[in-house]
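Student: Please take me closely through one helix and what surrounds it. Then carry on to whatever else deserves a look.

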Amino acid sequence: MNLTLHLTDNCNMDCSYCLRDKCSRDMTPEVLRKACDLAFSKGGRAGLCFFGGEPLLRKDLIYEALDYCEKKSAETGIPFNCKMTTNGTLLDEEFLKKAKEVKMGIGLSFDGKGQDISRRFPDGSSTASLIEEKAKMLLSYRPHALAMLTLDPKAAGLLSESVKYLVDVGFQNISTVPAYGKKVNWTDEDMEVLRGELNKVADFLRDEFMKGRYIYVAPLISKIKECVAGKNPAEHCHLGVRQMPVTPDGKLFPCTSFINDDDYYMGNVFDGIDNERVAEIAKRSNTPETCVDCDLKTRCTNSCGCANRMNTGSENKVSPLQCTYERMIIEIADRLGEELFNYDQKLFAKYFVKEP
């Protein structure tokens, strides 16, 4: 079973688009151990994602969870894996040595050339140079770490430059996503700028591919992979099934944006999961009515409950912003995929066709 542990509601940064309310509430060791037990109680594999706030503010809890789960895995024979999303400011050599040892997947929130537009310390000071330094340290231990770029509308014109910069820093895997929610406002002009930047990113990926260099940038590359494999990205959202968040006090919810909403309470680490509740909520994650007749419904992430809720207040209602963005991504990804395929079909197959 996969759980996302919200180790703390606190954070040492003050990102302008962040929707989380910061406070000093931390997970207790007792809740932590109960959550680990729950992860091992269901399915053939136990998985933990360390999250926050900023999870490295409670580095001690991460170490405790790793020790506990390694022993649990040895006792039960159930495999254990872990990952973490971090702002990177508190990364150090000691922690990264442990992360390498346990093969921890690490996603670094890093907005590239737009870092200081939205991601600053509470006193307003810059984080850009520090995060570049920490990113290089991270990649020396975990070379396949993911750079997670959240695009503020004010930084839309920096997207292609940011992707190239992150590649120069050493990242082979990058995810990009527009900032969503009540703290940002995307205008039609911003979206046109974004379209131009996405086309530049596609051109960059094509040129690198022609040099024999494959760089993963989501969602452009993931859209190509999904199309080739015949997968429907709308099926990625499984509320309360694939990855269940655990709050610092041990409550369970179906997804991060639903935390502390009593209508989506799914149990707790002490009493267990309310399976009837899980089944009832999971039924809600289907194609929204407005998308049923759309020709692109099997190419679009229209059923992402978190994104929909952040933008419209309902997990089953897609915002005009999300619709416009998805159409844009699909169009550009299809153009890129065709160019890569026409350039070298064997090379295309190597990276985009999964072996049977």
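**Helix 6 and beyond**

Tutor: Start with the neighbours. The buried residues of helix 6 pack against two helices, helix 5 (128-141) and helix 7 (188-210), and against strand 5, strand 6 (173-178) and strand 7 (216-218). Keep in mind that this is a predicted model.

How much of helix 6 is covered? Helix 6 spans residues 159-169, and eight of its 11 residues are buried. The buried set is Leu-159, Ser-160, Ser-162, Val-163, Tyr-165, Leu-166, Val-167 and Val-169. An α-helix has 3.6 residues a turn, so residues three or four places apart point the same way. Just after helix 6 comes Gly-170. The phi of Gly-170 is positive, near 130°.

Ser-162 leads to the next feature. Buried in helix 6, Ser-162 also lines the largest cavity. That cavity holds about 50 Å³ of space. The count of cavities of 30 Å³ or more comes to three. Around the largest cavity, the lining also includes Tyr-17, Asp-111, Gly-114 and Ser-118. Leu-149, Thr-150, Leu-151, Asp-152, Ala-155 and Leu-158 belong to the lining as well. Which element gives the most to this lining? Strand 5 (residues 146-151) does, with three residues. Strand 5 is also one of the elements that the buried residues of helix 6 pack against. By class, the cavity lining has five nonpolar, four polar and two charged residues.

Now follow strand 7, another packing partner of helix 6. A cis peptide bond joins Ala-218 and Pro-219, with omega about 10°. Pro-219 sits in the loop between strand 7 and helix 8. There is a second cis bond to look at. The peptide bond from Gly-52 to Gly-53 is cis, with omega near 15°. Gly-53 lies in the loop between strand 2 (46-51) and helix 2. For context, most residues other than glycine have a negative phi, and most peptide bonds are trans.

Past Pro-219, helix 8 meets helix 11. Helix 8 covers residues 220-229, and helix 11 covers residues 320-343. Their axes are 9 Å apart, and the packing angle is about 70°. The two helices are therefore roughly perpendicular, a label that takes in angles from 65 to 115 degrees. Helix 8 brings Leu-220, Ile-221, Lys-223 and Ile-224 to the contact. From helix 11 come Glu-326, Ile-329, Ile-330, Ile-332, Ala-333, Leu-336 and Gly-337. Eight of these contact residues are nonpolar, one is polar and two are charged.

Glu-326 deserves its own stop. Glu-326 is in helix 11. Is Glu-326 buried or exposed? Its relative accessibility is 6%, so Glu-326 counts as buried. Leaving out residues up to four places away in sequence, Glu-326 touches Lys-223, Arg-299, Cys-300 and Thr-301.

Gln-322 is also in helix 11. At 3% relative accessibility, Gln-322 is buried too. Under the sequence cut-off of four places, Gln-322 touches Tyr-180 and Thr-301. Thr-301 is thus a contact of Gln-322 and of Glu-326. Gln-322 and Cys-300 are 22 residues apart in sequence, and their C-alpha atoms are 9.5 Å apart.

Next, the second largest pocket. Its volume is about 180 Å³. How many residues line it? The lining has 12 residues. Nearest the centre of this pocket lie Cys-291, Cys-294, Val-318, Cys-323 and Arg-327. By class, the pocket lining has seven nonpolar, two polar and three charged residues.

Finish in the loops, with positive phi values. Lys-103 is not a glycine, yet its phi is positive, near 60°. Lys-103 sits in the loop between helix 3 (93-101) and strand 4 (105-109). Lys-103 is exposed because its relative accessible area is 67%, over the 50% cut-off. Asn-260 also has a positive phi, about 70°. The loop holding Asn-260 runs between strand 8 (244-246) and strand 9 (267-268). At 48% relative accessibility, Asn-260 counts as partly exposed.

One last residue is Asp-60, in helix 2 (residues 59-76). Its relative accessibility of 41% makes Asp-60 partly exposed. Asp-60 and Pro-248 are 188 residues apart in sequence but 14 Å apart in space, C-alpha to C-alpha.

Key:
Residues numbered from 1 in each chain as written. Predicted model: local features only at pLDDT ≥ 70, side-chain atom pairs only at ≥ 80, totals over all residues. Heavy atoms only, no water. Axes fitted to C-alpha atoms, helices over the stretch in contact; angles between N-to-C directions. Helix = DSSP H or I, 4+ residues; strand = E, 2+ residues; numbered from the N terminus. Parallel < 35°, antiparallel > 145°, perpendicular 65-115°, else oblique. Contact = heavy atoms within 4.5 Å. Nonpolar A, V, L, I, M, F, W, Y, C, P; charged D, E, K, R; others polar. 1 Å grid on protein atoms, 1.4 Å probe; cavity = no way out; pocket = protein on both sides within 12 Å on 5 of 7 lines; lining within 4 Å. Points joined across faces, edges and corners; volume = space filled by probe spheres on them. Buried < 20%, exposed > 50% of the residue type's maximum accessible area, 1.4 Å probe, protein only.
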